[in-house]
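Open the model in your viewer and show side chains as sticks. The stops below go from one selection to the next.

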Amino acid sequence: MKIVFHSVNDIKDFVNIVSKFSDDVDAASSRSIVDAKSIMGLFSLDLSRPVEVTTRGSQSENIYAALKKYAA
């Protein structure tokens, strides 16, 4: 799923959402992949472009549904 952040509050909200799930969630931009549950990790990405979010686990559909408002 590709997502876009428009503000710092979007990033904070995103981290709060994904942190509620036990599945692993990664965010990738260019050549960097970080733990999407890490606010510092997210800030290390190029956030001026859409970020690719991937999940591993049984709750993937629920995670993507919760992140729908950030879809690019």
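**Salt bridges**

Start by selecting Arg49, which is exposed at 52% relative accessibility (exposed is over 50% relative accessible area, buried under 20%, partly exposed in between, with a 1.4 Å probe and protein chains only). This is a predicted model, in which local features need pLDDT of at least 70 and side-chain atom pairs count only at pLDDT 80 or more, while totals for chains, interfaces and linings use all residues. Residues are numbered from 1 along each chain as its sequence is written, and side-chain values use heavy atoms, with hydrogens and water left out.

Add Asp46 to the selection: its side chain meets that of Arg49 in a salt bridge, 3.8 Å from N to O. The term stands for a side-chain nitrogen of Lys or Arg within 4 Å of a carboxyl oxygen of Asp or Glu. Asp46 is partly exposed, at 31% relative accessibility.

How many salt bridges does a search of the whole structure find? The search gives five.

Next, select Asp24, Asp26 and Arg56, which salt bridges with shared partners join into one network. Zoom in on Arg56 and Asp26, whose side chains form a salt bridge of 2.5 Å, N to O. Arg56 belongs to strand E4 (residues 51-56) and Asp26 to strand E2 (residues 24-29), so this pair links distant parts of the chain, 30 residues apart. Helices (H or I, at least four residues) and strands (E, at least two) are DSSP runs numbered from the N terminus. Colour by accessibility here: Asp26 is buried at 17%, whereas Arg56 is partly exposed at 46%.

Move to Lys69 and Asp13, a salt bridge in which the closest N and O atoms are 2.9 Å apart. Lys69 lies in the segment after helix H3 (60-66) and Asp13 in helix H1 (residues 8-19), so the pair ties together parts that are 56 residues apart in sequence. Lys69 is exposed, with 60% relative accessibility; Asp13 is partly exposed, with a relative accessible area of 26%.

**Around Tyr70**

Keep Asp13 selected and add Tyr70, in the segment after H3. A polar contact of 2.5 Å joins the side chains of Tyr70 and Asp13. A polar contact is a pair of N or O atoms within 3.5 Å; within protein, one must be able to donate a hydrogen and the other to accept it, and residues adjacent in sequence count only if both atoms are side-chain atoms.

Is Tyr70 buried or exposed? Tyr70 is buried, at 5% relative accessibility. Leaving aside neighbours within four places in sequence, Tyr70 is in contact (heavy atoms within 4.5 Å) with Lys2, Ile3, Val4, Asp10, Asp13, Phe14 and Ile17. For a distance check, pick the C-alpha atoms of Tyr70 and Ile39: they are 16 Å apart in space, and the residues are 31 apart in sequence.

**Aromatic pairs**

The whole structure holds three aromatic pairs. Rings of Phe, Tyr and Trp (its six-membered ring) pair if their centres lie within 6.5 Å; planes under 30 degrees apart count as stacked, over 60 as edge-to-face and the rest as tilted.

Select Phe5 with Tyr70 for a tilted pair, 6.0 Å centre to centre with 50 degrees between the planes. Phe5 sits in the loop between strand E1 (2-3) and H1, 65 residues from Tyr70. Both Phe5 and Tyr70 are buried.

Finish with Phe14, which forms an edge-to-face pair with Tyr70: 6.3 Å centre to centre, 80 degrees between the planes. Phe14 lies in helix H1 and Tyr70 in the segment after H3, so this pair ties together parts 56 residues apart in sequence. Phe14 is buried too. Show Phe5, Phe14 and Tyr70 together to see the cluster that their ring pairs make.
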